[in-house]
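Reader: I'm new to this structure and would like a close look at just one part of it. Could you walk me through chain B, taking your time over how its pieces fit together?

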Amino acid sequence: MTTTTSPSKTSRRFRFNWVDSFLWFIRVSALIAIVIGIVGSVQLFLEGEGPTAEQWRDLVISGLSTGFMYGLIALGYSMVYGVLGFINFAHGEVFMSGLMVSLIAATLMFENGFWDANPTLALLIVLSISMLVSTLVAVLAERIAYRPLRGAPRLIPLITSIGVSFFLQYAFAGIFGVATRSYPPAPGNLGNDVEFLGIAIEGTKLLVVGVALISMVGLWWFVAKTKTGRAMRAVAEDKEIAGLMGINVDRTIVTTFAVGGAMAGVAGLLWALLFRAVDFLTGFLPGIKAFTAAVLGGIGNLPGAMLGGVLLGLFENVGPLLVLNGLGIPAVSQLKDAVAFAALVLVLVFRPTGLLGERLGSEDRA
Amino acid sequence: MTSRTPVLSFKGVNTHYGAVHILKDVDIDIYAGEMVSLLGGNASGKTTTLKTILGYVKPTSGQVLLDGEDVSDWPTAERVGRGVTMVPENRRLFKRMTVKENLEIGAYLRPGEDLSSDYDRVFELFPRVKERLAQKAGTLSGGEQQMVAMGRALMARPKVLLMDEPSMGLAPVLVAQNFEIIERINKAGTTVFVVEQNANMALSIADRGYVLQTGKIVLDDTAEGLLANPQMRQAYLGEV
C-alpha cells in the first residue's frame, strides 16, 4: 500500500504547485491590467478626455440601480441553492413570467390614462401582478418538475431546470408572440430628476433602489425572525432533523421557492422601470447575471447575493470605461457583459467561495 | 405505570431495504414512565427500529402503535406531534443557528404556547445552556452540544423520548453525566427509549431491555435479568 500511495502523493503535490503558481500568475497579471487601466482612465480624465464627471456619476447610479435588481433575482438562486443544493436555472424565466404578464395590465392602464393619473396605485398593481405570477410559476415548477426528483443525483434537477427554462421561454413566445414589447414610460413625473443628497438622480432609479432595499429588509426579517424563516434555515441545514422536529419539509421547500419567486417578481417591476423592453428571452441574461451575482457573493448566502448583485451592476456599468478605456481598447461599452463575467472569474480566482461565502464542507457538496 | 396500554409498541414489525430483510417480527411494548433500552451491535437493526417508530421507514408488515392507535401510515411530523421526539445520534444540532433558535425549533409543533416553563426546565437541567443561548450551536463543545440536543428534544414536551446512541462520540466522563441526566428526565415522568451499544451503561439506568440481533429480538428481560444473563454477559457486557 505504501509504495502505491507515495508516488500519487508526490504527483498530487506537484500538480497542486503548478495550479497554484498559475493562479498566482493570473491574479498578478489581472491586478496589473486593472491598475494600468485605472491609471490610464484617470490620466484621460485629467487631460479632459473620456467621460466627464457627470457621466461617471450617471454610470455609478445606473450601476447601482441595475445591481440592486440583479441582487433581488440573485436571492432566489441563493435561497433555492441553500435549501436544495441545486441551481434553478429557470429562475430567470420566473422573473420574465411576472414581467410579461404584468405588461398586459400596465398597457391597459396606460391606454385608459390610469397609469399617469394614479402613478402609485398603477405601480402597486404592476408589482402585485408581477409578484403573484412569478411566485406561482416558481411554485408550480417546484411541484411539477423538481419535487419528483428529490433525492435524485444533483445533476438531474439541474438539467431539468434548464428544460423548465426553455419550456417557459417558448410557452411565453407562443402565447405572447416573439416581438419585443415595451412598458409605458415611467408614470407621472417619476422619470424626472430628483435632488437626493445634493445630487440630481432620475426618480425611477431612486425608486428602484428604494424598493430593492425595502424588499431586502423584509426578506431579512422573514428569514431571521419568523418561525417559517427559522424552519427554512433548519431545512437548509439538515432536512432529516428538521423533519424530526415536526417541520413540514415539503411545505418549507415550497415556501422557499415562493419567496424567491416573489423577489424575482419585485425585480420584474424594477426592470419595467429601468429598461422597459420585454420579450420572451428577457429573463435569460438577467438570470445568468443574477446567478453570477449569487456566486460572486457566495452562493447560499443572502446578504452575499445582494452584495454580489450590486457589485456586478457597478462592474458592468463602470468597469468598461474605467478599466478597458484606460487600456486603450476601442468600443468599450459593447464589452459590458464581457466585463461582468470577467469580474466573476476574477473574484473567484481570488476568493473561490465568493465574497461572503463560507468554506464549503467537503461531505455535503458534491 | 398503571395504564396497561403501551405508549409505544411494535406488533410483528417487518421492514425491508429493497430485498434485504432488516427487522424480523419485532415486538416491543413500552409503558408510560418506563425507561427501556434497546441493545445490539452494529447492523443489528437498532437505527431501523428508531426510523420505523418515526416513520422514515415504513414496515412491510406489522403495526406501529402510539397509545394503542395504529400510526403505521402516519407521516413523521404527525407522529412527532403525538409526542415522540428523538435526540439523534451525534446530536445533529443546527450548527449555523443559535442555541436559542435550536431550542425554539424543538418547540416547533407547539405554536403560540407559553414556553417559559420549558426553558426553565431546560436551564435547570443544563445551566450551561443558558449561558450559551446567543452563541451559534456549532461553536459549542461536544458535551455542550449534547446538552442542547437534549434540551431541544425536551422543548417538544415529549411523551416518549427516543435516544439514539447517547454515548457516541463523547468522553467517558460526559457519558456518565449524560446517563445521569437521562435518568433525571425519566424520573420526572418522561418515558425514555434508549438505543445503545454501551450495554453496561444503558442497563445501569434502564428498567427493562431488549436485545436485537440481526433484526430479531433475541432477549427481552428486566435490566437485572439481562445483567445476570450469562449469554448476555458474554456477548454484550465484555465478559468472558
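**A close look at chain B**

Author: Let's start where the chains meet: in this predicted model, 18 residues of chain B are in contact with 13 residues of chain A. On the chain B side, H2 and helix H3 (99-106) each supply at least two of the touching residues. Sort that side of chain B by residue type and you get 10 nonpolar, three polar and five charged.

Now for the chain itself. The domain assignment splits chain B into domain 1, made of 1-83 + 158-240, and domain 2, which covers 95-157. Taken over C-alpha atoms, the centres of these two domains of chain B are 24 Å apart. Where they touch, domain 1 of chain B puts in 10 residues and domain 2 of chain B puts in nine. On the domain 1 side, the elements giving two or more residues are helix H2 (76-81) and helix H7 (172-187) of chain B. H7(B) has the largest share there, with four residues. By type, this side of domain 1 of chain B has six nonpolar residues, three polar and one charged.

H7(B) is also a handy way into the sheet. This helix lies across strand S5 (35-39), strand S9 (160-164) and strand S10 (191-196) of chain B, and runs at about 155° to S10(B). Those strands sit in an open sheet of six strands of chain B, in the order S8-S9-S10-S5-S11-S12, with mixed pairing. At the edges are strand S8 (84-87) and strand S12 (216-222) of chain B, each pairing on one side only. From one strand to the next, the twist averages 20°.

A quick bit of background: strands of a sheet pair through backbone hydrogen bonds, either parallel or antiparallel. You can see both senses around S11(B). With S5(B), strand S11(B) pairs in the parallel sense over four bridges. With S12(B), strand S11 (residues 208-213) of chain B pairs in the antiparallel sense over six bridges.

Tyr210(B) is a good residue to find on screen. This tyrosine in S11(B) is the bridge partner of Leu38(B), and Tyr210(B) also stands opposite Asp220(B) in S12(B). Elsewhere along that antiparallel pair, Arg208(B) stands opposite Thr222(B) in S12(B).

Finally, follow S11(B) into S12(B): the two form a hairpin with two residues between them. Thr214(B) is in that turn, and has a positive phi of about 40°.

Notes: Residues are numbered from 1 along each chain as its sequence is written. Chains are lettered from A and ligands numbered from 1 in the order in which they are written. This is a predicted model: local features need pLDDT of at least 70, side-chain atom pairs count only at pLDDT 80 or more; totals for chains, interfaces and linings use all residues. Domain bounds come from an automatic or database domain assignment. Two residues are in contact if their C-beta atoms, placed from the backbone, lie within 7 Å. Ala, Val, Leu, Ile, Met, Phe, Trp, Tyr, Cys and Pro count as nonpolar, Asp, Glu, Lys and Arg as charged, and the others, Gly among them, as polar. Two strands pair if DSSP finds at least two bridges between them. Axes are lines fitted to C-alpha atoms, for helices over the stretch in contact, and angles run from 0 to 180 degrees between N-to-C directions.
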